[in-house]
Amino acid sequence: MNSFQTIVLGIFGVFIVAGLLAVALTKQRSGGAEVVSLTMWGSLEREAVDNALARAVNSDTLRVTYREISENSLDRELLEALASRKGPDIILLPLPLLSRYKDKLRLTPYGTYTERLFKDTFLQAADLFLSPQGIFAFPFSVDPLVMYYNRDFLDEVGVAEPPRFWDEFISLARDLTIRDEYGNISRSAVALGEYRNIYHAREILATLFMQGGIPVTAGGASASRAALDKRGASSVLDFYTEFANPLKPVYSWNRSLPSSREMFLSSRLGVYFGFGSEYADLRRANPNLDFDVASFPRPRDASVGITFGKLTGVAILRTARNLAAALQVALTLSSVKASSVYIAATRLPPVQRSLLSQKPTDAFGAVMYDAAIRARGFIDPNPQVSATAFRNMIESATGGRARSTEAVRDAERALQEAF
């Protein structure tokens, strides 16, 4: 045997030993029974996820170790791990990342879990996890966009109830916003019209488009395309940016102000659009702020007031070490039992229709459950690209660099190129 053959055989030997070690680490023994160990990554709170795993999944024969990664880092760390073949078996996958990872996911065929059962079990927003061939992910968590409002401010201007329709913001902006003769705003009715200093500006504007019957994208998870450039899209953008136009009577926001969240917490903003998961943080940040929560507004002629929802699903990677066990975890985590544990810890609404029909009696919970039922989303080709596309669309319109029709067309082109 020559030296080259010796080296080759030695390399193969290393791989064989490494493989045996991986199997040994993955499958241990507990009282004579085989123990399967899997890893799961996600950006949801570790304590809440671990509680759901402990109560519904982890057993003497199946162990799932969850690693929490920040929402901003999950995409990068996951890509790097998969490139070096060190990725997890399961992902708590945010819907915006589905388009980027769909070719790396293991589809659950409809022969295993039918499309009819999926749609009957989960809220409508979860349909975006479906493809013609099967299921990309099973819903685990939804975080809907809602409206927080300063109760004292509304009382001050004689508004008995929070705005339900968008046209009510026209009078509210005039009555509640305080600005001097130079246009400097000291108190704002609502944070609309800009991008950089408005939390969730992309999601707010996307919801306005969807409420107007204008999908951001169309075609589903398997073959999506940009669909923004529809009749009426420019009118939606005009309405949104009007609140940042100093020449308009509804002028109530500009780029020089602090962030919308900071303005709300410092009692300088009447209405803040945020996600339900922010409720507890807002309470802690300013215990003296008298605020409440209500449904996201809708057009007056809309029969159903949809909102945006951050949807997270349990997805199995193609490289999972034990596909059968990974599917068991996905099905169990998306069950009523696991969901009940998770929502008790987070106060987020469930993703199962059966639980959503049992609305809580507290004011916050009732709004959240209703918002979850109405939640929608869209297939995002790339979160960074879409964020830039929405920012450019808004700022080119407010800065006078493009008409609203041109700004919408440019945003659609950017999204389409990302697809």
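# Exercises on a predicted protein model

The protein chain holds 17 helices and 15 strands. Keep in mind that you're working with a predicted model.

## Exercise 1: The whole chain

Work out how the radius of gyration of the protein chain fits the globule rule for 419 residues.

*Solution.*
- Step 1: Start with the rule, which gives 22 Å for 419 residues.
- Step 2: Set the chain beside that value: its radius of gyration is 24 Å, close to the rule, so the chain is as compact as a globular protein of that length.
- Step 3: Look at the box that the C-alpha atoms fill, roughly 90 × 50 × 40 Å along the principal axes.
- Step 4: Check how the chain meets itself. Among contacts with a separation of 6 or more, 72% join residues 24 or more positions apart.
- Step 5: Turn to the surface. The protein chain exposes about 19500 Å², and carbon and sulfur atoms supply 50% of that area.
- Step 6: Finish with the charges. The chain has 47 positive and 44 negative ones, and their mean positions are 6 Å apart.

## Exercise 2: Into the core

Find which residues have the most contacts inside the largest nonpolar core.

*Solution.*
- Step 1: Get a feel for the inside: buried residues make up 52% of the 419 residues.
- Step 2: Recall a general habit: in soluble globular proteins, nonpolar side chains tend to be buried together.
- Step 3: Pick out the largest nonpolar core here, which has 136 residues. Those with the most contacts inside this core are Tyr148, Leu205, Phe273, Leu333 and Met393.
- Step 4: Ask what gives the most to this core. That's strand β7, residues 137-150, with 9 residues.
- Step 5: Zoom in on Met393. Leaving out residues up to four places away in sequence, Met393 touches Leu205, Phe209, Leu228, Leu237, Ala407, Val408 and Ala411.

## Exercise 3: A helix under cover

Decide whether helix α8 (residues 201-211) is largely enclosed or not, using its count of buried residues.

*Solution.*
- Step 1: Count them up: 11 of the 11 residues of α8 are buried, so the helix is largely enclosed by the rest of the structure.
- Step 2: Look at who's on the list. The buried residues of α8 include Arg202, Glu203 and Gln211, as well as Leu205 and Phe209.
- Step 3: See what does the covering. Among the elements over these buried residues are β7, α9 (233-242), β12 (269-275) and α16 (383-398).
- Step 4: Try Thr207, which is found in α8. Its relative accessibility is 0%, so Thr207 counts as buried. Beyond its neighbours up to four places away, Thr207 touches Leu145, Phe296, Ile306, Thr307 and Phe308.
- Step 5: Now try Ala201, also in α8. Ala201 is buried too, at 3% relative accessibility. With neighbours within four places set aside, Ala201 is in contact with Glu194, Tyr195 and Tyr240. Its C-alpha atom is 8.3 Å from that of Phe390, although the two are 189 residues apart along the chain.
- Step 6: Step past the end of the helix. α8 is followed by Gly213, whose phi is positive, near 75°.

## Exercise 4: Two positive phi values

Say where Ser267 lies and where Arg347 lies, then find how exposed Ser267 and Arg347 are.

*Solution.*
- Step 1: Remember the background: most residues other than glycine have a negative phi.
- Step 2: Take Ser267. Its phi is positive, near 60°, and Ser267 sits in the loop between α10 (260-265) and β12. With a relative accessible area of 34%, Ser267 is partly exposed.
- Step 3: Take Arg347. This residue isn't a glycine either, yet its phi is positive, about 65°. Arg347 belongs to the loop between α13 (336-346) and α14 (353-356), and at 44% relative accessibility it counts as partly exposed.

## Exercise 5: Buried or exposed?

Classify Phe153 and Glu71 as buried or exposed, and list what Phe153 and Glu71 touch.

*Solution.*
- Step 1: Use the cut-offs: buried is under 20% relative accessible area, and exposed is over 50%.
- Step 2: Place Phe153 in helix α6, residues 151-156. At 9% relative accessibility, Phe153 is buried.
- Step 3: List its contacts, not counting residues up to four places away: Phe153 touches Leu176, Arg187, Ser267, Arg268, Leu269 and Gly270.
- Step 4: Place Glu71 in the loop between β3 (62-68) and α3 (74-83). At 53%, Glu71 counts as exposed.
- Step 5: List its contacts with the same exclusion of residues up to four places away: Glu71 touches Ser43 and Lys310.

Definitions and conventions. Residues numbered from 1 in each chain as written. Predicted model: local features only at pLDDT ≥ 70, side-chain atom pairs only at ≥ 80, totals over all residues. Heavy atoms only, no water. Helix = DSSP H or I, 4+ residues; strand = E, 2+ residues; numbered from the N terminus. Rg over C-alpha atoms; globule rule 2.2 N^0.38 Å. Buried < 20%, exposed > 50% of the residue type's maximum accessible area, 1.4 Å probe, protein only. Contact = heavy atoms within 4.5 Å. Areas by Shrake-Rupley, 256 points an atom, 1.4 Å probe, with all protein chains shown as cover. Lys, Arg positive; Asp, Glu negative; His and termini not counted. Charge placed at Lys NZ, Arg CZ, Asp CG, Glu CD. Core = buried A, V, L, I, M, F, W, Y, C linked by side-chain atoms within 4.5 Å.
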